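Open the model in a viewer and keep the selection tool at hand. The stops below go from pockets to rings to a cavity.

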Amino acid sequence: MIARLDFAPLDGITKRVFRQVWHKRFGGADRFFIPFVSPTDQQIITPRDRRELENPEGLPQVPQVMAKQAADFVWAAEVLADMGYVEVNLNLGCPSGTVTAKGKGSGLLMDPDRLDRFLEQVFSGTRVPVSVKTRLGYHVPEEFPRLLEVFNRYPIACLTVHPRVRPEKYRGAVHMDQFARACAESKNPVCYNGDLTSVEGVRALEARFPQLDAAMIGRGAIADPALFRRLRGGAAATKEELQAFTSELYRAYRDFYAQTAPDGQAAPASQRMKEVWFYLIHLFENGERLGGRMRRSRGPKAYEELEAQIFQELELLDAPQGELA
């Protein structure tokens with residue numbers, strides 16, 4: 001079996017509130033990756049990001065940093081080390097056009113020589129271990145062998161590979177031939193990320209790559225909150241358990257937003273819950289009937305009524321089905 005299971009970062013969903021409630025209700029993930037922070041040009045971590053990085057609950061977490069300049073990453077890593085973090089993750093995977101246009105995320109993959117210089121500065125200037133989350137390349141998968149040569153020059157704590165290139169984002173077939181290259185030729189530990197939505201899918205990955213060090217799951221664990229638990233041999237989620245989870249998560253969001261929007265905390269809380277339900281609805285038979293209405297709904301009252309209707313009218317599927325991870 002794969003030794004370690006990581007919860008992937010999903011900006012806008014796997015924020016601190018979600019991680020706390022999910023971990024309490026389901027568990028099974030060895031580590032949570034915090035959605036990326038991006039230091040400003042003045043090397044400042046915003047108050048919003050600092051709140052996200054605080055960890056009084058003591059969850060096993062790895063912060064992710066996105067930067068264009070190596071000096072900014074090194075500075076952020078030092079700040080995070082002072083906060084008690086024992087590993088920092090470099091985001092080379094984000095495919096967003098607004099990110100890559102600034103030379104961040106997967107934008108750094110366009111020029112392997114520049115990436116080499118970036119990593120040399122990072123690994124010579126950072127005292128905390130650094131892991132990397134990457135894609136196969138910026139344009140085509142055939143860019144990966146050259147990138148792997150660069151990665152192999154450095155003591156990367158773990159190389160997480162999402163086997164797609166930037167234009168593919170999260171759709172289309174993954175390029176398992178290039179991921180096989182990573183497993184065979186990487187001098188660093190390797191983690192797989194991409195399209196893991198079921199116990200069967202993870203078991204198939206384990207069978208094909210028995211040497212694999214870790215797997216990272218994101219959307220699949222939102223679409224089936226008990227997926228990590230089931231991978232550990234535990235039970236699937238019941239309807240009652242899911243209802244308790246969504247109820248507590250909604251309350252937690254309302255409490256969180258009461259600190260910043262005391263007169264309207266329910267509105268942003270219901271919006272966050274709609275984002276969660278975009279994935280969670282796939283656990284229910286004929287879920288799209290109400291899932292579409294949920295996406296089009298406006299305001300807390302409409303959200304609350306639709307959630308109640310989902311649990312009253314829909315039954316869980318026998319075999320959980322999730323969106324792509």
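Start with the largest pocket: 21 residues line it, and those nearest its centre are Pro9, Leu10, Asp11, Tyr170 and Arg219. Select these five and centre the view on them. Keep in mind that the model is predicted. The space in this largest pocket comes to about 420 Å³. To extend the selection, add strands β2 (31-37) and β5 (130-137), each of which supplies at least two residues of the lining. Colour the lining of the largest pocket by class, and 11 residues come out as nonpolar, six as polar and four as charged.

Stay with Tyr170, one of the residues nearest the centre of the largest pocket. Which charged ends sit over the ring of Tyr170? One belongs to Arg219, whose charged end lies 4.4 Å from the ring centre. Another belongs to Arg135, with its charged end over the ring of Tyr170 at 4.9 Å from the centre. Show both arginine side chains together with Tyr170 to see the arrangement.

Next, move to the second largest pocket, with a volume of about 280 Å³. Select Lys15, Arg16, Val17, Arg48, Asp49, Arg51, Glu52, Tyr253, Phe256, Tyr257 and Arg272, which line the second largest pocket. Helices α1 (16-25), α2 (47-53) and α11 (239-258) are the elements that give two or more residues to this lining. Which of them has the largest share? It is α2, with four residues. By class, the lining of the second largest pocket divides into seven charged residues, four nonpolar and no polar.

Now turn to the aromatic rings. The whole structure holds 18 aromatic pairs. Select Phe123 and Tyr154, a stacked pair with 5.6 Å from centre to centre and 20 degrees between the planes. This pair links distant parts of the chain, 31 residues apart: Phe123 is in helix α5 (residues 112-125), while Tyr154 is in the loop between α6 (144-151) and β6 (159-165). Is Tyr154 buried or exposed? Its relative accessibility is 11%, so Tyr154 counts as buried, because the limit for buried is under 20%.

For another geometry, select Phe278 and Tyr279. Their rings are edge-to-face, at 5.0 Å centre to centre and with 90 degrees between the planes. Switch on a surface to set the two residues apart: Phe278 is partly exposed, with a relative accessible area of 33%, whereas Tyr279, at 10% relative accessibility, counts as buried.

The last stop among the rings is a cluster. Select Phe7, Phe18, Trp22, Phe26, Phe32, Phe228 and Phe245, which ring pairs link together. Show the side chains of these residues as sticks and follow the cluster from ring to ring.

Finish with the enclosed space. How many cavities of 30 Å³ or more are there? The count is one, and the space in the largest cavity is about 30 Å³. Select Met1, Ile2, Leu5, Val202, Arg203, Glu206, Leu231 and Arg232 to display the lining of the largest cavity. Helix α8 (residues 199-208) gives the largest share of this lining, three residues. Coloured by class, the lining of the largest cavity shows five nonpolar residues, three charged and no polar.

Notes
Residues numbered from 1 in each chain as written. Predicted model: local features only at pLDDT ≥ 70, side-chain atom pairs only at ≥ 80, totals over all residues. Heavy atoms only, no water. 1 Å grid on protein atoms, 1.4 Å probe; cavity = no way out; pocket = protein on both sides within 12 Å on 5 of 7 lines; lining within 4 Å. Points joined across faces, edges and corners; volume = space filled by probe spheres on them. Nonpolar A, V, L, I, M, F, W, Y, C, P; charged D, E, K, R; others polar. Phe/Tyr/Trp six-rings, centres within 6.5 Å; stacked < 30°, edge-to-face > 60°. Buried < 20%, exposed > 50% of the residue type's maximum accessible area, 1.4 Å probe, protein only. Lys NZ or Arg CZ within 6 Å of the ring centre and 35° of its normal.
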